[in-house]
Amino acid sequence: MFKVAVIGASGLLGRALVRELDAETGWQVVQTAHSRVGPRQVALDVRDAQAVAAFVAREAPDAIVIAAAERRPDVCEHDPAAARALNVDAVRSIATAAKARGAWVLSISTDYVFDGTQPPYLPDAAPNPLNAYGHSKLEGERALLDASDDALVLRLPLLYGPIVDWNESAVTSLVPAIRAAAATAHAAAKPAPMDAWATRYPTFTPDVAVVIRELLTRCADGEAVRGIAQWSGDEPMTKYDIAQRIARALGIEAQLIAQTQPTDATPRPRDCHLDSGRLEALGIGRRTPFDAGIGAVLDAFEREHADKN
Ligand SMILES: NC(=O)c1ccc[n+]([C@@H]2O[C@H](COP(=O)([O-])OP(=O)(O)OC[C@H]3O[C@@H](n4cnc5c(N)ncnc54)[C@H](OP(=O)(O)O)[C@@H]3O)[C@@H](O)[C@H]2O)c1
């Protein structure tokens, strides 16, 4: 039976992928996690190259998906060595172990490998990262493709999807400020500044999970896709636009202030729209409209929260 290892199955994207593979395939799925190890998961610190090699040799997967990373740009900026250990060195050791086993390996990368000045970006456009996160992910891409030629980089933009806390995604992390920006019977509104400078393409993790499942199917059929591919939602919006849509979905009148100049301490690109044409040409992909996706995420989170109270 086809066997897939999902490295970083406890994260935002890893969870969506495992859910998709469990629901839609009969494959054997082995999951790893680090600080949040669930009952079906193997504890693995991907910074430990020996442990990675032992895991891959023991489990003998046919394909490996790397969703473990340090994905927070501010954390990467402050500790580039820690970012490198996860986003570069760990990718290299997983890819080396995958090659020794003969497994296809897919590693997730980011639109932040580009500088955001000339969208849309094809997979072979010249990268030029502006911050430490983008640098580490670009080096990780190179480490992957150097270590194995049976490998695929999948670049993705801003992600959102089912969450366990608001801060898991830069989309849902806006919710507390949006809520506070609406007047209630008990509190006055606290107007919320929102970035209206950078254009983002929020992409729903269950859609990315479909893309990865379809790529894994190609691998299982002996038609593995290799090199660099990209997937992106197709609705451009700033965080200000995202906040307006979230407020609408929550049914609140929030006082949002559009910030037309960047204010982040970490430099960020303006518009890194990723061209998804390579995967579209293969008939791969699904796009859930943002309003439907965010509505489902907010409903599910609030329901779970209400159940616990
Ligand atoms: N989120 C976005 O908006 C976005 C956008 C573009 C690209 N990406 C890329 O998409 C991928 C998935 O991101 P995500 O948002 O799902 O990240 P996430 O929610 O932060 O999850 C990170 C995962 O990495 C694991 N991990 C952290 N340190 C580890 C270690 N030392 N050893 C083993 N595993 C470790 C975590 O495990 P524990 O939680 O168990 O510690 C978790 O499963 C990353 O490559 C990211 O760069 C994300």
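Below are worked exercises on a predicted model.

**Exercise 1. Cysteines**

Task: Determine how many disulfides the model has, and test Cys272 as a partner.

Solution:
- Start with the criterion: two cysteine sulfur atoms must lie within 2.5 Å.
- Take Cys272. The closest cysteine sulfur belongs to Cys76.
- The separation is 15 Å, so the pair is too far apart for a bond.
- Apply the criterion to the model. The count is zero disulfides.
- Now check burial, with the cut-off at under 20% relative accessible area.
- Cys272 has 4% relative accessibility, so Cys272 is buried.
- Cys219 has 13%, so Cys219 is buried too.

**Exercise 2. Ligand contacts**

Task: Find which residues come nearest to the ligand, and describe the contacts of Leu13, Arg71 and Tyr133 with ligand oxygen atoms.

Solution:
- Begin with the surroundings. There are 26 residues around the ligand.
- Pick out the nearest: Ser10, Ser35, Arg36, Tyr133 and Lys137.
- Go to Tyr133. A polar atom of the Tyr133 side chain is 2.7 Å from a ligand oxygen.
- Go to Arg71. Here too a polar side-chain atom makes the contact, at 3.2 Å from an oxygen atom of the ligand.
- Go to Leu13. The contact comes from a backbone N or O atom, with a ligand oxygen 2.8 Å away.

**Exercise 3. The second largest pocket**

Task: Give the volume of the second largest pocket, its lining, and the element that supplies the largest share.

Solution:
- Volume: about 160 Å³.
- Lining: Ala9, Arg15, Val18, Arg19, Asp22, Gln31, Gly38, Pro39, Arg40 and Gln41.
- Sort the lining by class. Four residues are charged, three are polar and three are nonpolar.
- Assign the lining to elements. Helix 1 (residues 12–24) gives the largest share, with four residues.

**Exercise 4. Enclosed space**

Task: Count the cavities of 30 Å³ or more in the whole structure. Then characterize the largest cavity and the second largest cavity.

Solution:
- The search returns three cavities of 30 Å³ or more.
- The largest cavity has about 70 Å³.
- Its lining includes Tyr160, Phe204, Trp231, Asp234, Glu235, Arg286 and Arg287.
- By class, this lining has five charged, four nonpolar and three polar residues.
- The second largest cavity holds about 60 Å³.
- Among its lining residues are Asp111, Tyr112, Arg200, Tyr201, Asp271, Cys272 and His273.
- The class split is five nonpolar, four charged and two polar.
- Link back to Exercise 1: Cys272, in this lining, is buried at 4% relative accessibility.

**Exercise 5. Two residues of helix 10**

Task: Decide whether Phe290 and Arg303 are buried or exposed, and relate each to a residue elsewhere in the sequence.

Solution:
- Place them. Phe290 is in helix 10, and Arg303 is in helix 10 (residues 290–308).
- Take Phe290. Its relative accessibility is 1%, so Phe290 is buried.
- Pair Phe290 with Tyr160. They are 130 residues apart in sequence, with 9.6 Å between C-alpha atoms.
- Tyr160 also lines the largest cavity.
- Take Arg303. Its relative accessible area is 52%, and the exposed class starts over 50%, so Arg303 is exposed.
- Pair Arg303 with Ser109. The sequence separation is 194 residues, and the C-alpha atoms are 32 Å apart.

**Exercise 6. Backbone checks**

Task: Find which peptide bond at Pro120 is cis, and what sign phi of Ala60 has.

Solution:
- Read omega from Pro119 to Pro120. It is near -5°, and the bond is cis.
- Locate Pro120: the loop between strand 5 (104–110) and helix 5 (132–147).
- Read phi of Ala60. It is near 50°, a positive value in a residue other than glycine.
- Locate Ala60: the loop between helix 2 (49–59) and strand 4 (63–66).
- Check exposure. Ala60 has a relative accessible area of 25%, so Ala60 is partly exposed.

**Exercise 7. Thr25**

Task: Establish where Thr25 sits and which backbone atoms its side chain reaches.

Solution:
- Thr25 lies in the loop between helix 1 and strand 2 (28–33).
- Its relative accessible area is 17%, so Thr25 is buried.
- One partner is the backbone oxygen of Leu21, which the side chain reaches at 2.7 Å.
- Another is the backbone nitrogen of Trp27, at 3.3 Å from the side chain of Thr25.

Definitions and conventions
Residues are numbered from 1 along each chain as its sequence is written. This is a predicted model: local features need pLDDT of at least 70, side-chain atom pairs count only at pLDDT 80 or more; totals for chains, interfaces and linings use all residues. Side-chain values use heavy atoms; hydrogens and water are left out. Buried means under 20% relative accessible area, exposed over 50%, partly exposed in between (1.4 Å probe, protein chains only). On a 1 Å grid over the protein atoms alone, a cavity is a set of points where a 1.4 Å probe fits but cannot get out, and a pocket is an open set with protein on both sides within 12 Å along at least five of seven lines; lining residues have an atom within 4 Å of a point. Grid points are joined across faces, edges and corners, and a volume is the space filled by probe spheres set on the points. Helices (H or I, at least four residues) and strands (E, at least two) are DSSP runs, numbered from the N terminus. Ala, Val, Leu, Ile, Met, Phe, Trp, Tyr, Cys and Pro count as nonpolar, Asp, Glu, Lys and Arg as charged, and the others, Gly among them, as polar. A residue is near a molecule or strand if one of its heavy atoms lies within 4 Å of it. A polar contact is a pair of N or O atoms within 3.5 Å; within protein, one must be able to donate a hydrogen and the other to accept it, and residues adjacent in sequence count only if both atoms are side-chain atoms.
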